[in-house]
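Here is a friendly walk through one model, from its loops to its ligand. Please have the sequence and the 3D view at hand.

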Amino acid sequence: MGFSCGIIGLPNVGKSTIFNALTTIGVPAEAFPFCTIEPNIGKVAVPDFRLTQLTELLKPQKMTPTTMEFVDIAGLVKGASRGEGLGNQFLGHIRSVQALAHIVRCFNDANVAHVTPEIHPADDIETINIELLLADMDMVDRRLEKLKRMAKVGQKDAANAIDILTVVKEHLDRGYPGRKLSAEIISSPVMQELSLLTSKPVLYVLNVPEDDLAADSQYAREARKKAELDETDTIVLSGKIESEIVALESEEQSEYRRELGLEASGLDRLIHAGYKLLQLITFYTTVGTELRAWTLPIGTPIQKAAGKIHTDMERGFIKAEVIRFDDFIKAGSESKVRESGSMRLEGRDYIVQDGDIIRIKFNV
Ligand SMILES: Nc1nc2c(ncn2[C@@H]2O[C@H](COP(=O)(O)OP(=O)(O)OP(=O)(O)O)[C@@H](O)[C@H]2O)c(=O)[nH]1
Ligand SMILES: [Mg+2]
């Protein structure tokens with residue numbers, strides 16, 4: 001399974017601008033709606049302070065960060081679920097990602113048309129949310145019909161799926177997103193297979209102008225209020241500034257940020273938020289001269305994690321030596337960790353924790 005975060009929102013809100021700043025790929029981001037048609041996919045290195053610290057300590061010849069994917073998707077408009085704008089196939093692109101960064105336009109610019117005469121972030125957010133909801137309702141209806149046909153010809157396992165989807169249908173009909181359903185329903189096979197758009201974890205990204213980085217404008221306040229109502233996390237950044245910053249040399253980048261009073265890169269915050277939405281953690285390996293970071297879904301047992309490094313390691317797994325990141329930094333070297341007794345031996349069922357430094361022992 002890939003770990004990808006889709007960038008969604010109305011047309012002309014800055015999706016491709018933010019995608020370009022994140023990935024430095026350079027896709028068209030112009031002031032006309034529906035500039036993006038085919039989804040753009042970009043891999044992004046996950047900024048990682050632990051990897052930086054480990055690199056300083058270990059001085060490896062090679063250091064490999066972990067990555068995640070961002071997908072820049074075409075703008076959605078009211079009626080998309082019925083085929084308006086670029087319509088249904090774009091909802092399909094959203095279906096294939098695991099989490100959503102919903103870009104909300106909080107800037108005014110007469111040269112960049114908005115889909116409605118005025119910008120109303122709360123309504124704009126709702127327009128997208130309703131389209132996603134309508135698409136899900138349609139999908140659940142169609143699946144229910146199919147299941148009912150199957151039940152009629154005696155397929156017994158259809159009954160359970162019908163019960164689950166009936167609950168889901170009522171929930172969506174009341175206007176609630178799939179992500180608010182119980183964990184039990186969300187993890188049921190029929191729901192996993194459907195992969196509802198409103199079940200995906202989401203984050204609102206407020207794209208603010210350069211003179212409102214504190215997100216204090218009426219637009220930004222309205223968007224934040226809506227986020228509170230929706231119980232959705234937000235991130236504030238300026239797509240325009242971020243794209244200007246990435247075009248600079250790295251020393252100039254931090255200087256410019258300081259001038260603007262920006263502590264951390266908006267892009268780094270977005271990547272971390274995406275990583276968190278996807279419920280991922282990072283573990284590390286030091287093999288030979290390479291220090292490497294790996295991505296793992298929360299709750300993965302170590303034998304399975306070993307399979308990410310090499311299938312032989314999963315198959316022939318014997319045990320693993322595990323060091324906590326803090327213990328490693330405190331001790332200052334692997335040999336000192338060993339001396340201090342804070343290196344642990346773990347069996348196949350150990351659940352890997354964020355920041356673990358791991359060495360797998362295995363039979364070939
Ligand atoms: N003033 C201002 N303009 C911006 C900002 N972000 C993006 N734009 C401009 O808005 C226009 C549209 O930006 P895009 O990034 O192409 O928007 P999009 O959401 O990808 O649009 P579609 O692909 O058409 O859905 C471009 O002219 C950008 O330069 C911003 O923060 N401030
Ligand atoms: Mg675009």
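In which loop does Gln 279 lie? Gln 279 sits in the loop between α11 (266-277) and β8 (280-287); helices (H or I, at least four residues) and strands (E, at least two) are DSSP runs, numbered from the N terminus.

A word on conventions before going on. This is a predicted model, in which local features need pLDDT of at least 70, side-chain atom pairs count only at pLDDT 80 or more, and totals for chains, interfaces and linings use all residues. Residues are numbered from 1 along each chain as its sequence is written, while chains are lettered from A and ligands numbered from 1 in the order in which they are written.

**Two backbone exceptions**

Most residues other than glycine have a negative phi. Gln 279 is not a glycine, yet its phi is positive, about 55°. Ala 215, not a glycine either, has a positive phi of about 55°, and its place is in the loop between β6 (202-207) and α8.

**How buried are the residues?**

A residue is buried if 20 or more other C-beta atoms lie within 10 Å of its own, exposed if 12 or fewer, and partly exposed in between, with C-beta atoms placed from the backbone. Here are some examples.

| Residue | C-beta neighbours within 10 Å | Class |
|---|---|---|
| Ala 215 | 18 C-beta atoms | partly exposed |
| Gln 279 | 14 C-beta atoms | partly exposed |
| Leu 134 | 19 C-beta atoms | partly exposed |
| Val 205 | 30 C-beta atoms | buried |
| Leu 291 | 22 C-beta atoms | buried |

Val 205 is part of strand β6. Not counting residues up to four places away in sequence, Val 205 touches Ala 101, His 102, Ile 103, Val 104, Ile 235, Leu 237 and Leu 270; two residues are in contact if their C-beta atoms, placed from the backbone, lie within 7 Å.

Leu 291 belongs to strand β9 (residues 290-297). With neighbours within four places in sequence left aside, its contacts include Leu 54, Thr 55, Leu 58 and Tyr 284. From Leu 291 to Arg 82, 209 residues away along the chain, the C-alpha separation is 49 Å.

**Helix α4 and its partner**

Leu 134 lies in helix α4, and its C-alpha is 9.8 Å from that of Leu 197, although 63 residues separate the two in sequence.

How do α4 and α8 cross? The axes of helix α4 (residues 121-152) and helix α8 (residues 218-229) come within 7 Å and cross at roughly 45°. That makes α4 oblique to α8, a label for angles that are not under 35 degrees (roughly parallel), over 145 (roughly antiparallel) or 65 to 115 (roughly perpendicular). Axes here are lines fitted to C-alpha atoms, for helices over the stretch in contact, and angles run from 0 to 180 degrees between N-to-C directions. On the α4 side the contact uses Pro 121, Ala 122 and Ile 125, and on the α8 side Tyr 219, Glu 222, Ala 223, Lys 225 and Lys 226.

**Around the ligand**

Ligand 1 has 25 residues around it, of which Gly 14, Ser 16, Ala 29, Thr 36 and Gly 75 come nearest; a residue is near if its C-beta atom, placed from the backbone, lies within 6 Å. Helices α1 (15-23) and α9 (239-246) each supply at least two residues of this shell, and α1 gives the most, with 3 residues.

**Domains**

The chain is assigned domain 1 (4-276) and domain 2 (299-362), with bounds from an automatic or database domain assignment. Their C-alpha centres lie 34 Å apart.
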